[in-house]
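This report walks through selected local features of one protein chain, beginning with a strand pairing and moving on to sheets, helices and loops. The sequence and the structure are shown first.

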Amino acid sequence: MIEGVHPEVDAARFPAKRIVGDAVSVEADVFVDGHDAVSGLLLYRKLDSPRWSETPLQPLVNDRWQAEFQAEEIGVYEFTIEAWVDHFKTWRRDMVKRLAAGQAASVDLLIGAELVAAAIGRSAGNDQHTLKSWSIKLRQTATTANQEAANEALSDELAALMDRYPDRTLATRYERAPRIVVDRLKARFSSWYEFFPRSCGSQPGVHGTFADCEARLPYVAGMGFDVLYLPPIHPVGVTFRKGKNNAVEATTGDAGSPWAIGAEQGGHTAIHPQLGTLEDFHRLLRRAKEHGIEIALDIAFQCTPDHPYVRQHPEWFRHRPDGTIQYAENPPKKYQDIYPIDFETENWRELWDELKNVFRFWIEQGVDIFRVDNPHTKSFPFWEEAISEIKRDHPQVLFLSEAFTRPKVRYRLAKLGFSQSYTYFAWRNTKPELTEYLTELTQSPVREFFRPNLWPNTPDILTEYLQHGGRPAFMIRLALAATLGASYGIYGPVYELCENKPREPGSEEYLNSEKYEIRHWDLDHPGSLRDYIARINRIRKENPALQSDWSLRFHPVDNEQLLCYSKQTPRLDSIIVVVVNVEPYHTHSGWIELPIESFGLDGQQPYQVHDLTTDARYLWQGRRNYVELDPHTIPAHIFRIRRRVRTEKDFDYYM
């Protein structure tokens, strides 16, 4: 019986996710009726490989078995389990008991000889001769009933040979072959920065260009970001264009929303003429790469009334009884400048192929990361087909799902293939909220397919916490996002400049939002958080514990305004403990309690905690230690745990 296989998502309907270089650990319950011993193998291969690789299962406890394989390349792997009744292992186990009890073993030795003889035909090379010798030796031992010779039959050498050539004629193979999508490292560990290209101009009110974006690359790289996400770069529609602050009617000179895609200059494969040309975009990609930055493009499958699709393929849109095309609505809100695409059209095949070609076009230009706008309002089967086909041909491509919707919907999108997903992090502010939510994301079964990307703000999200918490709130949320999540992002420059004015009370829309107008930013403002952000991102890059999520654990603190958690690498060569004051108004202190045994520390010896945000160092001892955090100076400790090491000359240092 083979059951309880892990990792397996929805009975192997969907793949689990890993990163290239990961050791993929597979577990299963394997057992048999009666008392026979069992053996088994983990079988695995790249999806396009004709042959399986094998590695033996190792017993854990209570009929649970485990083995692992190395995900050496990006792409899709599959695995399964094969197991069988191991008659030689059963014989050897029982022989140990018989000999220990001093029982005669002549017949049992003959049985063993037959089992070994049967393995000769399954063996090869010198092993055949060795097994033949063992078979003869067991028969000779059976005639003498010599206890010492019988014990020799239990040698590890013979057991290893028989393990090498098991009888698998009656083996059972697990009925499914679960898949693993293996992505490049940036799918797990990435630092995103978003800005509007049109707001990068050198002068107020002047539309920015790709050349202006190039000039800003050192600024982004200097803060330590490795993904630069650009909102849509396509022509903006004129019909029903929105004005400043989402005004229903635009005035002369209003730029409109970049998400209102399509004009006479083209649609989803065209570039807004004021940004530059396709060659200018290629140059931006090259310059970004020189700074260690990848460009992520926004893909928003929606159209303005001016989009070429509307004229060329009206059948791709839903028509109302009066013959007009249905514009987007979220009652009572109306978005007359947007036509949703109708995924229920009878011409769905032509539509799907065209939309997949949009991705392919930008991949051909050199883009390998896409942030997908509102994927939950598009067809699930479309995403499964599109992402599967694109990653088959371009396995390096990554997709970020921007779906602020119900949990089961966003989890389904992750199962369908999205590499990363936005989360509810922006609205989880208290210690219980953060603890419960991040534990769900990192310790429950959803972690097998859902990779969180934590954003404290977006052009659509200015939370109440940021509106009222001032500069400390921005520092707190930055520290939380960057250390709770291996992937995180911010929308700037509004974030580092602590822009926090809503359009109106109770709204999460920014006043004078860049979604509807061109803004000019003073990047050298003395209150900017750019140095703080750069320090946090440097800490992330220098400490491998912060580059994955699964080791995240929360620890007790006797103050509800202090949140304490840790991350560590499997070999304990990188251990990070974070303490954050989640209340942006007052100083808070308390006693934290750390599981020092799981850090490999001796409770009787001191250890050093190095605060990487301030470079301060403290000597702690034992599980309980005191902390105090003023949100107006440094609202978070990011401690690296350093063990005391004694040299041959009795000189102590911490590493």
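Ala-28 stands opposite Trp-65, a residue of strand β7. The model in which this pairing is described is a predicted one, and every value below was computed from it.

**The sheet around β3**

Ala-28 belongs to strand β3, which covers residues 23-30 and has two unlike faces: Val-24, Val-26, Ala-28 and Val-30 make up the covered face, whereas Ala-23, Ser-25, Glu-27 and Asp-29 make up the uncovered one. Strand β7, residues 64-70, is joined to β3 by seven bridges, and the two strands run antiparallel. Besides the pair that opened this report, Val-24 of the covered face has Phe-69 of β7 opposite to it. Strand β1, residues 2-6, is also antiparallel to β3 and is joined to it by three bridges, with Ile-2 having Val-30 as its bridge partner in β3.

These pairings belong to an open sheet of four strands, ordered β1-β3-β7-β6, in which the pairing is antiparallel. The edges are occupied by β1 and β6 (58-59), and because each of these has a single partner strand, one side of each is left without a neighbour in the sheet. A cis peptide bond is found between His-6 and Pro-7, and Pro-7 itself lies in the loop that runs between β1 and β2 (16-19).

**An enclosed strand, β25**

How many of the seven residues of strand β25 are buried? Seven of the seven are, so this strand, residues 575-581, is largely enclosed by the rest of the structure. Both of its faces are covered, with Ile-575, Val-577, Val-579 and Asn-581 buried on one side and Ile-576, Val-578 and Val-580 buried on the other.

Strand β24, residues 562-568, runs antiparallel to β25 and is joined to it by seven bridges; within this pairing, Leu-563 has Val-580 as its bridge partner. The two strands form a hairpin with six residues between them, and Leu-572 in the turn has a positive phi of about 60°. Strand β30, residues 636-642, pairs with β25 as well, in the antiparallel sense and over five bridges, and here Val-578 stands opposite Ile-638.

**The packing of α3 and α5**

Two packed helices are described by the angle between their axes and the distance between the axes. For helix α3 (residues 126-144) and helix α5 (residues 156-164), the axes come within 11 Å and cross at roughly 125°, an angle which makes α3 oblique to α5. The crossing in which α3 passes α5 is left-handed. From α3 the contact involves Asp-127, Thr-130, Leu-131 and Trp-134, while α5 contributes Glu-157, Leu-158, Leu-161, Met-162 and Arg-164. Sorted by class, the residues in this contact are five nonpolar, one polar and three charged.

**Residues in loops**

Phe-425 sits in the loop between β20 (420-422) and α12 (431-443). Is this loop residue buried or exposed? Its relative accessible area is 0%, so Phe-425 counts as buried. When neighbours within four places in sequence are left aside, Phe-425 is in contact with Leu-434, Tyr-437, Leu-454, Trp-455, Pro-456, Arg-477, Leu-480, Ala-481 and Leu-484. The last of these, Leu-484, is 59 residues away along the chain, and its C-alpha atom is separated from that of Phe-425 by 9.9 Å.

A cis peptide bond joins Gly-492 and Pro-493, with omega about 0°, and Pro-493 is placed in the loop between β22 (487-491) and α14 (530-542). Cys-498 is found in the loop between β22 and α14 too, and its phi is positive although the residue is not a glycine. Asn-245, which likewise has a positive phi without being a glycine, lies in the loop between β12 (227-230) and α7 (278-290). Cys-498 is buried, because its relative accessible area of 14% is under 20%, whereas Asn-245, at 24%, is partly exposed.

The backbone angles of these loop residues and bonds are set out below.

| Residue or bond | Angle |
|---|---|
| His-6 and Pro-7 | omega about 5° |
| Gly-492 and Pro-493 | omega about 0° |
| Asn-245 | phi about 55° |
| Cys-498 | phi near 60° |

How values were computed:
Residues are numbered from 1 along each chain as its sequence is written. This is a predicted model: local features need pLDDT of at least 70, side-chain atom pairs count only at pLDDT 80 or more; totals for chains, interfaces and linings use all residues. Side-chain values use heavy atoms; hydrogens and water are left out. Buried means under 20% relative accessible area, exposed over 50%, partly exposed in between (1.4 Å probe, protein chains only). Two strands pair if DSSP finds at least two bridges between them. Axes are lines fitted to C-alpha atoms, for helices over the stretch in contact, and angles run from 0 to 180 degrees between N-to-C directions. Angles under 35 degrees count as roughly parallel, over 145 as roughly antiparallel, 65 to 115 as roughly perpendicular and the rest as oblique. A crossing is left-handed if the near helix is turned anticlockwise from the far one by less than a right angle, and right-handed if clockwise. Contact means heavy atoms within 4.5 Å. Ala, Val, Leu, Ile, Met, Phe, Trp, Tyr, Cys and Pro count as nonpolar, Asp, Glu, Lys and Arg as charged, and the others, Gly among them, as polar.
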